[in-house]
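Biologist: This one is new to me. Please walk me through it.

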Amino acid sequence: MPMFTDFKINLRKQNILKAIDCYENSPAYDMTLDMYSDFENKINDWIDPVGVYTIINKNDYSIPVLKCYSSLICCFVTLGEKISNIVNNHFSNGEYLEAMLLDAMSDDILFQLSSQLFNKIYIDTSNNGLGLSTRYSPGDNNFSMEYQSFILENIKKKETLPLDVSLSESYMFTPLKSLGFIYGADKNIKKNKLDHDCSRCNNTNCKFRTSNVLNIEVHTNNEIKNIKYTLGNNIMNSLLKNNILISNPCGGNGICGKCKIKVLNGTLPPSNIDKKFFSNKEIDEGYRLACEAYPTENLTISIRNNSSNDFKILTSDNVKLEVNNPITQEICLSFDYDSINKYKSTVHYIENEIGRKLKFSINSYSSLSKLLDEQLTTSNNIYLKIRNNTVLDIYKKQTPLYGIAIDIGSTTLALSLLNMHTGEVIDNYSLLNSQRQFGYDVITRIQYTMNSDSKVCEMKNLIVNDLKKGINALIQNNKITKEYIYDIVLSGNTTMIQFLLGLHSKSLSISPFIMITHQVMHYSYSEVFNDNWLSAHIHIMPCAAAYVGGDITSGILYSKLYNSEKIQLLIDIGTNGEMVIGNKDKIFCAATAAGPAFEGGKIEDGIGSVKGAISEVHIYDKSISLKTIEDAPPCGICGTGIVDLISELCKENIIDKTGFLQYNYTNEESKYVITENDTGENIGITQKDIREIQLAKSAVRAGLEVLIKNFNCTYKDIDKLYIAGGFGNNLHIDSAVNIGLFPKELRNKVTPIGNSSLEGCKEFLLNSNCRKTLCEIIKKCNYIELSNNPDFNELFIENMIFPTL
């Protein structure tokens with residue numbers, strides 16, 4: 001049974017003064033402050049804090065209201081006898097102000113002890129997969145005082161307390177400054193970090209009673225916001241609910257250390273996880289992790305956040321593309337009113353003129369009936385909007401024909417508005433994926449949704465709302481009529497597509513990694529978006545495997561790899577390094593868990609491709625030169641900058657081939673510093689960062705080697721290496737080769753192709769024959785699962801080493 005004495009006490013002066021109704025306008029205010037200062041200096045000598053808890057199995061108790069839990073946790077905290085005796089002496093001597101003040105100070109400390117004990121219990125139970133109920137305190141909420149005896153008996157059964165504790169006939173503890181309480185524990189309870197909920201407590205006269213809702217003043221880069229915080233949540237969730245972006249690659253699980261906040265005003269004790277990520281100096285300066293921050297009072301905090309506008313999201317150039325039989329096309333027909341009576345019907349006439357059988361929507365019948373009522377003359381033309389041999393509508397004059405191509409990335413969304421008459425890219429729009437609040441990688445998001453219909457629905461709604469926002473921006477910015485948007489083509493990784501469709505995705509995260517479908521999908525707008533805001537048709541690129549999604553098949557389509565006489569490679573390096581090798585005869589594909597390092601994740605000063613991110617690094621004779629995105633002041637280092645930096649340090653022999661960072665080049669925090677941010681914090685790289693990049697680059701390189709071997713070719717046989725995505729588009733190839741991400745044989749064969757996922761969607765919009773091509777690509781694709789491939793494991797270890805330069 002754990003016993004604790006190492007409590008950290010931070011007296012909360014304002015709470016204590018409030019508890020004795022002492023305010024600035026009170027007659028004894030100044031005298032009370034002097035008294036408080038005197039007691040504050042002495043009180044640590046007057047207390048002997050002890051906290052203890054024991055776990056009781058369900059079969060060992062018979063309390064009806066607590067039978068719903070698999071076990072109980074009985075808790076006891078005390079300040080010892082000395083402080084109680086001193087308070088009683090003040091009362092006996094008629095020193096009532098001294099007695100009341102010291103009594104309030106003791107209560108404040110006692111509540112802190114109970115809260116800190118709860119945090120220790122929370123960690124213990126969480127590690128064992130258990131959730132905790134809120135506190136059951138004898139005397140509160142009709143929970144009988146008699147249970148004080150139950151608590152003390154169970155504590156004494158398993159532990160000899162360092163002082164004599166007893167109960168009076170009215171079930172009051174001696175020493176008086178002691179508390180007993182109980183938590184229920186069960187695996188079916190949602191993990192709860194709210195120790196005591198004042199809003200549910202019937203002790204309405206408690207001077208320490210707090211509101212269930214607090215105020216947090218948040219200082220961001222550009223503004224100050226006040227948000228409401230509900231006790232029991234963490235600050236990160238409150239920020240995200242109020243649309244304040246904060247980095248959280250691990251989805252708030254306390255693993256990545258990226259959700260950094262700084263407490264400017266108020267008290268927020270550090271958690272054990274805070275102590276893992278921050279130095280003692282940083283803790284003292286107020287740095288905390290938002291995901292581990294559970295305040296009990298109003299706070300003022302600062303965060304460094306980035307808006308959607310700060311992110312450099314890869315879309316496309318506004319160029320004119322080749323139009324070749326678009327998905328929806330407009331056909332002009334010379335309408336000879338006098339000749340119609342020679343046919344069975346107007347439809348018969350139209351089919352004869354066009355030369356094929358057609359289906360007609362009710363909407364097209366309605367338009368046609370109105371045109372007939374106007375008795376068109378032989379000089380009139382009619383314009384038919386046709387998709388897949390179905391007439392959607394008929395007009396008297398040519399009308400716009402718009403399509404939207406969309407790449408749904410795990411981090412960002414990219415949209416392009418196209419004129420399907422001409423192939424012109426009218427405009428682009430990009431935004432962040434709101435699902436990021438549940439983690440940057442798809443596995444974290446899948447884990448969040450597991451076995452929960454409501455969470456699957458929540459994830460769908462997030463992406464649907466993001467897409468609507470992007471589509472509406474294209475409509476408003478270009479002043480187009482939404483009725484003329486006929487087709488939307490979407491691509492994304494398999495998880496993103498399944499989330500969009502509201503599908504459970506647990507099967508994607510566990511072996512053998514099974515996806516729902518590999519087909520090209522076509523739906524009405526309402527089926528996907530759950531409303532009739534648009535009448536457009538939705539087309540979704542097919543996925544080749546659980547981790548080779550529609551974004552990659554779209555890239556294969558765009559690169560023409562599937563039709564090449566020579567062998568070509570396609571790689572999209574992100575959290576999952578998807579890779580393809582093939583030609584017109586066959587295609588092999590694979591995905592490797594590269595992790596988020598190339599996107600700034602798991603890197604101490606890592607950051608996404610945002611304004612101010614260091615994207616280039618050069619070292620000449622130990623002199624460092626940098627380039628940041630948009631030439632803004634440095635705020636961190638993104639993936640391309642990290643690769644550059646490691647390459648340069650390898651060339652300078654500051655990092656050896658094993659990845660060891662020479663200590664004599666680092667500061668007292670074991671960091672190689674390259675610059676500072678605008679608040680004077682160092683930006684650089686650590687030994688751990690280097691290991692993360694080694695793991696990531698080795699995973700990608702080993703995957704490439706396996707593909708090459710299975711395709712039965714060598715690097716010399718490769719004609720081109722296409723690199724897709726934002727990271728690849730800005731990657732310096734020499735640096736990538738220097739760290740061993742790519743072999744030197746491919747140095748001069750690399751072609752960045754930008755957002756190939758988005759480009760493939762555009763091609764699909766403008767060429768309906770792409771559907772057949774995509775089906776052929778899927779048939780050709782042979783997926784290689786690397787997680788159980790023995791060659792991959794050997795190659796992974798082999799490629800951890802940096803090349804000799």
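Modeller: Start with helix 15 (residues 550-559), which lies across strand 23, strand 24 (576-582), strand 25 (587-593), strand 31 and strand 33. Its direction is at about 140 degrees to strand 23. Helices (H or I, at least four residues) and strands (E, at least two) are DSSP runs, numbered from the N terminus. The axes are lines fitted to C-alpha atoms, for helices over the stretch in contact, and angles run from 0 to 180 degrees between N-to-C directions.

Biologist: Before we go on, what kind of model is this?

Modeller: This is a predicted model, in which local features need pLDDT of at least 70 and side-chain atom pairs count only at pLDDT 80 or more, while totals for chains, interfaces and linings use all residues. Residues are numbered from 1 along each chain as its sequence is written, and side-chain values use heavy atoms, leaving out hydrogens and water.

Biologist: Ok, the sheet. What is the order of the six strands?

Modeller: The order is 32-31-23-24-25-33, in an open sheet with mixed pairing. Two strands count as paired if DSSP finds at least two bridges between them. Strand 32 (750-752) and strand 33 (781-783) are at the edges with a single partner strand each, so one side of each has no neighbour in the sheet. From one strand to the next, the twist averages 20 degrees.

Biologist: How many bridges join strand 23 to strand 31?

Modeller: Six, between residues 567-572 and residues 718-724, and the two strands run parallel. I571 is opposite I723 of strand 31, and L570 has Y722 as its bridge partner there.

Biologist: And how many join strand 23 to strand 24?

Modeller: Five, with the strands antiparallel. Q568 is bridged to G582 of strand 24. Three residues make up the hairpin between strand 23 and strand 24.

Biologist: How many residues of strand 23 are buried?

Modeller: Six of its six. Buried means under 20% relative accessible area, exposed over 50%, and partly exposed in between, with a 1.4 Å probe and protein chains only. I567, L569 and I571 point one way from the strand, while Q568, L570 and D572 point the other way.

Biologist: Back to helix 15. At what angle does it pack with helix 20?

Modeller: About 65 degrees, and the axes of helix 15 and helix 20 (residues 756-766) are 7 Å apart. That makes the two roughly perpendicular; angles under 35 degrees count as roughly parallel, over 145 as roughly antiparallel, 65 to 115 as roughly perpendicular and the rest as oblique. The crossing is left-handed, a term for a near helix turned anticlockwise from the far one by less than a right angle, with clockwise being right-handed. D551, S554, G555, L557 and Y558 of helix 15 meet S756, S757, E759, G760, C761 and E763 of helix 20. Contact here means heavy atoms within 4.5 Å.

Biologist: L765 is in helix 20 too. Is it buried or exposed?

Modeller: L765 is buried, because its relative accessible area is 0%. Not counting residues up to four places away in sequence, L765 touches P326, I327, G403, I404, A405, L418, M420, D487 and V489.

Biologist: New topic. How do helix 17 and helix 22 pack?

Modeller: Helix 17 (residues 687-711) and helix 22 (residues 790-798) pack at about 135 degrees, with axes 8 Å apart. They are therefore oblique to each other. Helix 17 passes helix 22 in a right-handed crossing. Among the residues in contact are L695 and A702 of helix 17 and F792 and F796 of helix 22.

Biologist: Last one, N667. Where is its place?

Modeller: N667 is in the loop between helix 16 (639-651) and strand 29 (671-676). With a relative accessible area of 19%, N667 is buried. Leaving aside neighbours within four places in sequence, N667 is in contact with V673 and N682. A polar atom of its side chain lies 2.9 Å from the backbone nitrogen of E669.

Terms used. Polar contact = N/O pair within 3.5 Å; in protein donor to acceptor, adjacent residues only side chain to side chain.
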